[in-house]
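Student: I would like a close look at one part of this protein, with the cut-offs explained as you go. Please take your time over the answer.

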Amino acid sequence: MSRLHKMKKIKKEIFCCILFLATLYGMWLADFLSEDRLYSDWEKRMLAQRPSPVSENILDGSYGTAYETWLTDQFPARDWWVSLKTRCEIFLGKKEIHGIFLGKDGYLFSENTRTADWERLEQKLIAQYGSDAVSCIKAPAAGSVLTDHLPRGLSFPTEEDLVWKNLYANREKYIYYRTDHHWTMLGAYYAYEAWAERRGLIPAPLDDMKYEVVREDFLGTHYARLHYARKADAIEVYRPNVVCTVTYDLGDSSLSGLYQPELLQSEDAYRYFLDGNHPVLQIETGQPEGHLAVLKDSFANCLIPYLALHYQKITVIDPRYFRTDIVQWLETEGITEILFVYQDDATSVTDS
């Protein structure tokens, strides 16, 4: 090897080392100088904050763990890196990334999660009000309904009740978001329709409702975990012909109405329905009679407007945030019926 060639090789190696060190130092400097982000709009969660070095924490190793978590959460351009990592894994042929399954036609799937001890609460209220007064809507995971869109070999178990059957019969329609774990308002309608018929109520026809697309580029909870989507979602609204007065948090909030248009352009646009999750809200409808208590998780948020067609008053409680004994509190409210609406978390997915 000639002297000139060796010099060129050495210079190339020195340049690569300098470039690597400059990149590493630049990222460290950017991380050091930038302020910590408190909340990730895309991931919809609080981010770890810089830990304080306390001698006890350093000695037991907890500081190192907290520092690593903080560094991961506050890494410069984290969103971009997560997106790049997802695309690399897709390129390598992976069908499951961060608990999200990549389906056909741009659909992303996940298992439903357990949001509360619903069965225990349901039994307590049945004991108080009787089984005839208490009903339940379990929202199936999208993967148990949209089976034609699942990756090959993957299956989602479900309870094949009337709600699931009505959703499955309408599976060719836009009943679940592609990039979010919730059903659409149309999907919620088919759940409401099955429940209403089972309760002896006449469900309002969709043709009697005002239809509107309020956002065309919605990216939901699944996108937040991957920073990837083949196609954005549309938020479609079917407005029943009913005028409601809504009181949030027993009057402690200035919010009103079933819909919050100002949130449509936020990263959590599903909060358009009932402003997301509140401990309690009450809806006055002008209907002749009936006081329905809805105990729910977020799947109920876009279903509740349909219920306003059938009851004079609806009290909506999210047990995850309601800090008072629910059974005792409801005794003072003159409740006539109780409805549970929550996601069905039957069992784990199987891969055959």
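Student: Over which ring does the charged end of Arg239 sit, and how far is it from the centre of that ring?

Tutor: The charged end of Arg239 sits over the ring of Tyr259, 5.0 Å from its centre, where a charge counts as sitting over a ring if NZ of Lys or CZ of Arg is within 6 Å of the ring centre and within 35 degrees of the ring normal. Arg171 likewise lies over the face of Tyr168, at 3.9 Å from the ring centre. Before going further, note that this is a predicted model, in which local features need pLDDT of at least 70 and side-chain atom pairs count only at pLDDT 80 or more, while totals for chains, interfaces and linings use all residues. Residues are numbered from 1 along each chain as its sequence is written, and side-chain values use heavy atoms, with hydrogens and water left out.

Turning to rings that face other rings, the count comes to 19 aromatic pairs, where rings of Phe, Tyr and Trp (its six-membered ring) pair if their centres lie within 6.5 Å, and planes under 30 degrees apart count as stacked, over 60 as edge-to-face and the rest as tilted. Tyr174 and Tyr177 make an edge-to-face pair, because their ring centres are 6.3 Å apart and their planes stand at 85°. Both of these tyrosines are buried, meaning under 20% relative accessible area, whereas exposed means over 50% and partly exposed lies in between (1.4 Å probe, protein chains only). Elsewhere, Phe101, Tyr107, Phe109 and Phe156 form one aromatic cluster.

Helix α8, residues 185-198, also contains aromatic residues that are buried, among them Tyr189, Tyr190, Tyr192 and Trp195; helices (H or I, at least four residues) and strands (E, at least two) are DSSP runs, numbered from the N terminus. In total, 12 of the 14 residues of α8 are buried, and what covers them includes β6 (134-139), α7 (162-169), β9 (233-239), α10 (304-307) and β14 (337-343); contact means heavy atoms within 4.5 Å. The end C-alpha atoms of α8 are 20 Å apart, which agrees with the 20 Å expected for its 14 residues at 1.5 Å a residue, the expected span being 1.5 Å times one less than the number of residues. After α8 comes Gly200, whose phi is positive, near 80°.

For the setting of these details, the protein has 11 helices and 15 strands, and buried residues make up 47% of its 352 residues.
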